[in-house]
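I opened a new page to record what I looked up in this structure. My notes go entry by entry.

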Amino acid sequence: MHAARIPDDIAHVLVTPAAYATDALYDAYRWLRANNPLGVAEVEGFDPFWVATKHADILEISRNNARFPSAVRSTTLTTQAGDARTHSITGTPHLVRSIVQMDEPDHMKYRLLIQSWLAPANVRKREEEVRTLAREAVAQFVAKETKCDFVKDVALHYPLRVVMNILGVPPEDLPRMLRLTQELFGASDPDTERFKAALSPEQFSQLLIGVVQDFSEYFEKLTAERRANPRDDLATVLANAEIDGQPLPPLERTSYFTVISTAGHDTTSSSIAGAMWALASQPGLFDRIKADPSLILALVEEAIRWTTPVKTFMRSAAEDTELRGQQLKNNDWIMLCYASGNRDEEIFPEPDRFNIDRTPNRQLAFGNGAHVCLGQHLARMEIRILFEELLPRLKSVTLDGEPRYSESFFVNGLKTLPIRFELA
Ligand code: HEM
């Protein structure tokens, strides 16, 4: 047994998707930050892993990619059986090979292909396009007249449309993309889980291989199309990109398309839904922001902190190393608990409170260092624009039932947010 072992009940929370839909997660994080901020979870069915819950440690690990690489072990928490299955399919710990799973020097070569395209100045050029999509989302909201499920009716669709628009996937293909991403990375929804549990390991592997093949067929067609007819979208950039003078190999190209199409929507949806929850439930907040729309920027940042949609990413240690007084061994696996870092009392007074007056708001929901989220400027802009368009149409908003969270230890957020509202 490891000296820094985390008690079983707490470790169990960290690997239980259903716990991510309850306060049990935040209770566990609070306990860990106070009592065992860098401990080891030893849970049956999983390789042991370190659990980083402090803001400072998550930053230190994220900023030191050579010491804590991404390529060596799975970048998402996975069971030993899942890890073995992935190895048997790809011969590596990863199902795809995107920038998320790469280390230097490849990571930066690939990242630079689109980094400037998603930089603030370039993203601002898409503001009018994004505003058009926001207006369409608001029109659908207004059509609901007095009440709606804000997640299903607004928060889920709008970010998907924004990211597909940037990528260059036509609107009629959105349902297919949504289905593919859900099958590959979908939240551990009880229905999906039951379906998966009924499959043999071989059938499950076949399912995964089939989804990856579907993705790659779709994107290879899009690539051929954009090579013939270039446009101002990310598909064109990726179709014509070269690494060391060569076009991207098919696996890396599909993986790139996959990460853009999966990383950018349910993450942003979660923050949009969290912002609306705060507006509907915190006395005075709605009126304050209505009276001073410049506060929307602070609303966006606090919603991202408070929801922290990406709950965890994994890293490993590249060498025996010391952190927070603990001895990590070469190849040890480490969980970065972003949602815990974002509720670290050392950085955020009253961390559980939604408070738009945090200046500066040092939230780390986008990660940090070499892998820091490439879509962060787009995400902030699209959330801001949605509320700029939505708030003038609203006179009041309240909760109309219990909000519920999705169950996943990777990306999660509200899956329903019933609200009642008066239009302005
Ligand atoms: C609120 C919304 C979002 C959140 C919370 C979020 C969060 C994250 C996090 C935590 C990482 C990993 C950082 C690390 O490993 O250190 C990441 C990486 C990434 N995100 Fe986002 N993301 C969001 C929106 C988006 C959007 C809209 C896009 C697409 C346009 C996007 C594209 C990416 C990509 C491509 C990476 C990989 C970067 C790399 O490995 O170098 N994200 N994001």
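**Entry: the three-strand sheet.** I began with β3 and β13 (residues 418-423), which pair in the antiparallel sense over three bridges. I noted that the model is predicted. Which residue of β13 stands opposite Lys 147? I found Arg 420 there. I then traced the whole sheet. It is open, it has three strands, and the order is β3-β13-β10 with antiparallel pairing. The edge strands are β3 (147-149) and β10 (394-399), and each pairs on one side only. From one strand to the next I read an average twist of 30°. I also looked for a helix on this sheet. Helix α7 (residues 127-143) packs on it and touches β3, β10 and β13. The direction of α7 makes about 90° with that of β13.

**Entry: the four-strand sheet.** I turned to another open sheet, with four strands in the order β1-β2-β9-β6 and mixed pairing. Why is one side of β1 and of β6 left without a neighbour in the sheet? Both strands, β1 (38-41) and β6, stand at the edges with a single partner strand each, so one side of each stays free of a neighbour in the sheet. The twist here averages 30° from one strand to the next. I checked one pair inside the sheet. Strands β2 (residues 49-52) and β9 (residues 333-337) run parallel and are joined by three bridges. Trp 50 has Ile 334 in β9 as its bridge partner. Helix α3 (residues 55-63) packs on this sheet, touching β1, β2, β6 and β9. I read about 125° between the direction of α3 and that of β9.

**Entry: around the ligand.** I listed 26 residues around the ligand. Those that come nearest are His 107, Arg 111, Arg 315, His 371 and Cys 373. By class, I sorted the shell into 15 nonpolar, nine polar and two charged residues. Which elements supply at least two residues of the shell each? I wrote down α5 (106-115), α15 (266-281), β6 (312-316) and α19 (376-390). The largest share, three residues, comes from α15.

**Entry: oxygen atoms and iron.** I checked polar side-chain atoms against oxygen atoms of the ligand. For His 107 the distance is 2.7 Å. For Arg 111 it is 2.8 Å. For an N or O atom in the side chain of His 371 it is 2.6 Å. What does the protein give to the iron atom of the ligand? I found a single donor, Cys 373 (SG), 2.3 Å away. Cys 373 sits in the loop between α18 (338-341) and α19.

Key. Residues are numbered from 1 along each chain as its sequence is written. This is a predicted model: local features need pLDDT of at least 70, side-chain atom pairs count only at pLDDT 80 or more; totals for chains, interfaces and linings use all residues. Side-chain values use heavy atoms; hydrogens and water are left out. A residue is near a molecule or strand if one of its heavy atoms lies within 4 Å of it. A polar contact is a pair of N or O atoms within 3.5 Å; within protein, one must be able to donate a hydrogen and the other to accept it, and residues adjacent in sequence count only if both atoms are side-chain atoms. Ala, Val, Leu, Ile, Met, Phe, Trp, Tyr, Cys and Pro count as nonpolar, Asp, Glu, Lys and Arg as charged, and the others, Gly among them, as polar. Two strands pair if DSSP finds at least two bridges between them. Axes are lines fitted to C-alpha atoms, for helices over the stretch in contact, and angles run from 0 to 180 degrees between N-to-C directions. Contact means heavy atoms within 4.5 Å. Donors are N, O and S atoms within 2.8 Å of the metal (3.2 Å for Na, K and Ca); water is not among the atoms, so sites may look incomplete.
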